[in-house]
Amino acid sequence: MFSMVEEKRIIFKIGGDMKKDIHKMFENPSSLKGGGHVIYFKDWNSMLDALTPQRLHLLQRLIEYDDEKPMDVSKLACATKRKQESISRDLIALEKSGLISKIKKGKSVYPHFNAKEIVIQLGWWGIIFQLVV
């Protein structure tokens, strides 16, 4: 149903230096690897503030049901036993971060998880965790 949304890689950089990465990109564009959406976090705490347990639960639901059985906002609220208003607030935050997009069909809004791969990079150690969805 949502094949019109391009799937991509999402990279969480924890402790990374965005200014340094942008400078490198302009100096050597060929050094860019595989494209994707990069989200920078100062530290683990700032990532945990943005990706609350409730938002992670929503992402999990979207990953499980995305293409097989898409859920609109009201169905997500029922499935997660949360108020529709709180679901909508969390979806807005997830959309602003680039993790989801929303597709409107009639009066219904269907959130869609945008990635097929999530990469978490710890800037100060160079450690990379990868989750393929």
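**Exercise 1. Which elements do the buried residues of α5 pack against, and which residues are they?**

Start with the burial values in this predicted model. Under the 20% cut-off for relative accessible area, the buried residues of α5 are Ser86, Ile87, Asp90, Leu91 and Leu94. Next, look at how they sit around the helix: their arc is only 135 degrees about the axis, so they share one side of α5. That fits a general rule: an α-helix has 3.6 residues a turn, so residues three or four places apart point the same way. Now check what that side touches: the buried residues pack against α3, α4, β3 and β4. Finally, flip to the other side of α5, where Glu85, Arg89 and Lys96 are exposed.

**Exercise 2. Work out what span the 13 residues of helix α3 should have, and compare it with the model.**

α3 runs over residues 53–65, and at 1.5 Å a residue it should span 18 Å. The expected span takes 1.5 Å times one less than the number of residues. In the model the end C-alpha atoms are 18 Å apart, so the two agree. Try α5 as well: it too has 13 residues, and its 18 Å from first C-alpha to last is close to the expected 18 Å. Just past α5 comes Gly98, with a positive phi near 90 degrees.

**Exercise 3. Which residues of α3 are buried, and what do they pack against?**

Pick out the buried ones: Arg55, Leu58, Leu59, Arg61 and Leu62. They cover an arc of only 160 degrees around the axis, so they lie on the same side of α3. Then list their partners: α2 (44–50), α4 (73–80), α5 (84–96), β3 (100–105) and β4 (108–113).

**Exercise 4. Are α3 and α5 roughly parallel or roughly perpendicular?**

Take the axes first: they come within 10 Å and cross at roughly 80 degrees. Angles of 65 to 115 degrees count as roughly perpendicular, so that is how α3 stands to α5. From α3, the contact uses Gln54, Arg55, Leu58 and Leu59, while α5 brings Ile87, Asp90, Leu91, Ala93 and Leu94. Sort these residues by type and you get six nonpolar, one polar and two charged.

**Exercise 5. How far apart are His37 and Asn114 in sequence and in space?**

First place His37: it is in strand β2 (residues 37–41). With a relative accessible area of 25%, His37 is partly exposed. Now the distances: His37 and Asn114 are 77 residues apart in sequence, and 9.8 Å apart C-alpha to C-alpha. For the wider picture, residues 24 or more positions apart account for 61% of the protein's contacts with a separation of 6 or more.

Terms used: Residues are numbered from 1 along each chain as its sequence is written. This is a predicted model: local features need pLDDT of at least 70, side-chain atom pairs count only at pLDDT 80 or more; totals for chains, interfaces and linings use all residues. Side-chain values use heavy atoms; hydrogens and water are left out. Helices (H or I, at least four residues) and strands (E, at least two) are DSSP runs, numbered from the N terminus. Buried means under 20% relative accessible area, exposed over 50%, partly exposed in between (1.4 Å probe, protein chains only). The arc is that of the directions from the helix axis to the C-beta atoms. Contact means heavy atoms within 4.5 Å. Axes are lines fitted to C-alpha atoms, for helices over the stretch in contact, and angles run from 0 to 180 degrees between N-to-C directions. Angles under 35 degrees count as roughly parallel, over 145 as roughly antiparallel, 65 to 115 as roughly perpendicular and the rest as oblique. Ala, Val, Leu, Ile, Met, Phe, Trp, Tyr, Cys and Pro count as nonpolar, Asp, Glu, Lys and Arg as charged, and the others, Gly among them, as polar.
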